[in-house]
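Subject: Structure handover and notes

Dear colleague,

Please find the structure below, with the sequence alongside. My notes on helix packing, empty space, a salt bridge and some backbone details follow.

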Amino acid sequence: MYRTVCYNYYSIKKGECYVKNTNAALNIHQQFPMSRAVTLLFATACGMSVANIYFAQPLLDELSNDFAIDQSIIGLIITITQIFYGLGLLLLVPLGDLLNQRRLIIGQMLLSTVALLIVGTASYVVVLFAGMALVGLLAVVTQTLVAFAATMASSTERGRVVGIVTSGIVIGILLARTFAGLVTDLAGWRSVYLVSAAFMLLMVGMFLKVLPRSEREVKSLTYSQLIQSVFTLFIRERTLRIRSILAMLIFADFSILWTPLVLPLSSPPLALSHTVIGAFGLVGVAGALAAAQAGKIADQGYGQRTTGIALTLLLISWIFINYLDSSFLALIIGIVLLDLAVQAVHVTNQTMILPLRTEARSRLTAGYMVFYSIGSASGSIASTQMYAHFGWGGVCLLGASISTIALLFWATTKRFTK
C-alpha cells in the first residue's frame, strides 16, 4: 500500500492534499520531511528522462551512416534536440507554477514515450529530426520534477535534496552513453529508444501511485502572463542572471567534450566499439557523484567558494583531455574533473536560485535552464565543426577557452551574490 504524504500541504482528505495557507503548509512540511526514498525516485526519474536527449551522442556515427548525413553536420541532431529542449523550458516548465504538477509530470512522460517510439521507428531523416525535436521538447519534465522536489523539501534540506535530484540528471546524461553504446552493440541503435520508451511507461506507473494528489491556490495568470513573468524574473533577479550565464558556459563546455568524443574514439586507429565508448560515461559518473554535496555546502554559505574551485578544475580538465590520442588515463582524469566541476557549479546555481521566489520556482528553473540549453546546443554544433576542421586539438582549445571565460566571468561577478 502507498500512503499519501503531504510534504507541503495543509490537510489530507481521501488521500488528497490541499494547501490553504503558507504557514500551515510550513508546519506540515516540518512534520513530514522529504524521505530519501522519494528523493531517489525523483532523481531516477530525472535521470531517465534527460537521458533521452543524450542517447544520440555516442551514436552519431551510426546515425550518420544509416541516414547518409555528413559528419560535419551530424551534430545538428544534438543541436535540434537542445533547441527544442530550450523551447520546452520556456513554454512548458513555467506551467508547474500554474497547473497541477502531478498531472503535468505524468502527461509529459506519456508524451515522451510517444516521441521515443517515433525516433526508434524513423525511416526518413525528416521523421528522425522531428522525433528528436519532440524528445527534446518533452524532456523538460526533469525541471518540473526539480522544482516540485524543491517545494516538497524543507528549507534546511533543500540544498541536499536538489543536489541529489540534480545529480540524477547529470548521472542520467552520462549513463545515457553507456546504455546507448551497450544496447546498440547488442541490438542496434533503434532498440535504444524503444527500450527507453518501455522504461518511461514503467516510471509513469510508479508516479501514478507515489506522487501526491495535490491542489494549490495560485495567482490568477493567463498563459501569456505566465511566460512573460519568466522574463520579468530574469530582469529583476541579478542572481538568476549571473547564474544563468554561468550555466550557459559550463554546459557549453560539457557538450564540447561529449558531443564529438565518439568521433575520434570510433575512428582508426582507436576504432573502439560503442560499448567501450559508452563506458566512458561511467567514468563521468564518479565526478558527478563527488559533486552531489555541493548543494549542502551552498546551504552553509559557501556557494561562491565552491563555484570558484569548480571552475578552476574545469579549466585544468582540458589539459588532460587533450591527451586523448596518447593516454586513456589522462582522458579519464580529464573527464572526471570536467564532470565534477560542471555538476558542482550546476547544483550550486540551483541551490542559490530556487529560494529567490518560492511561489515561482518553476519559472525560475525555466529561466535558468534556457541558458543551459543554449550552452548545450552551441557547444554541440561548435565542437563538431571544430573537430571536422581542426581535429581533437581544436576541440580542446575551444573547451579551454570557454572555461577561461567562465572563470573570469565568475571572478568579476562574485561580489554581487553570496
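H5 and H9 pack with their axes 8 Å apart and at an angle of about 165° (axes are lines fitted to C-alpha atoms, for helices over the stretch in contact, and angles run from 0 to 180 degrees between N-to-C directions; helices, H or I of at least four residues, are DSSP runs numbered from the N terminus). That angle makes H5 roughly antiparallel to H9, a term used for angles over 145 degrees. The crossing of H5 and H9 is left-handed, meaning that the near helix is turned anticlockwise from the far one by less than a right angle.

Before going further, please note that this is a predicted model, in which local features need pLDDT of at least 70 and side-chain atom pairs count only at pLDDT 80 or more, while totals for chains, interfaces and linings use all residues. Residues are numbered from 1 along each chain as its sequence is written, and side-chain values use heavy atoms, with hydrogens and water left out.

Helix H5 (residues 101–120) also meets helix H7 (residues 141–152), their axes coming within 9 Å and crossing at roughly 155°. H5 is therefore roughly antiparallel to H7, and here too the crossing is left-handed. Further along the chain, helix H15 (residues 303–321) packs with helix H16 (residues 328–353) at an angle of about 155°, the axes being 8 Å apart. H15 and H16 are therefore roughly antiparallel to each other, and their crossing is left-handed. The contact of H15 with H16 has 20 nonpolar, seven polar and no charged residues (Ala, Val, Leu, Ile, Met, Phe, Trp, Tyr, Cys and Pro count as nonpolar, Asp, Glu, Lys and Arg as charged, and the others, Gly among them, as polar).

Turning to empty space, the second largest pocket has a volume of about 480 Å³ (on a 1 Å grid over the protein atoms alone, a pocket is an open set of points with protein on both sides within 12 Å along at least five of seven lines, a cavity is a set where a 1.4 Å probe fits but cannot get out, and lining residues have an atom within 4 Å of a point; a volume is the space filled by probe spheres set on the points, which are joined across faces, edges and corners). Of the 23 residues lining this pocket, Ala43, Thr44, Gly47, Gly168 and Ile171 are the closest to its centre. Helix H2 (36–51), helix H8 (158–187) and H9 are the elements that each give two or more residues to the lining, and H8 provides the largest share, nine residues. By class, the lining of the second largest pocket divides into 13 nonpolar, eight polar and two charged residues.

A search of the whole structure finds one cavity of 30 Å³ or more, and about 40 Å³ of space lies in the largest cavity. Its lining is formed by Gln57, Pro58, Arg177, Trp258, Leu261, Val262, Ile277 and Gly278.

The structure holds three salt bridges (a side-chain nitrogen of Lys or Arg within 4 Å of a carboxyl oxygen of Asp or Glu). One of them joins arginine 190 to aspartate 66, with the closest N and O atoms 4.0 Å apart. This pair links distant parts of the chain, since arginine 190 is in helix H9 (residues 189–210) and aspartate 66 in helix H3 (residues 60–67), 124 residues apart.

Lastly, a cis peptide bond with omega of about 10° joins proline 268 and proline 269. Alanine 68 has a positive phi of about 55° although it is not a glycine.

With best wishes

Definitions and conventions
Parallel < 35°, antiparallel > 145°, perpendicular 65-115°, else oblique.
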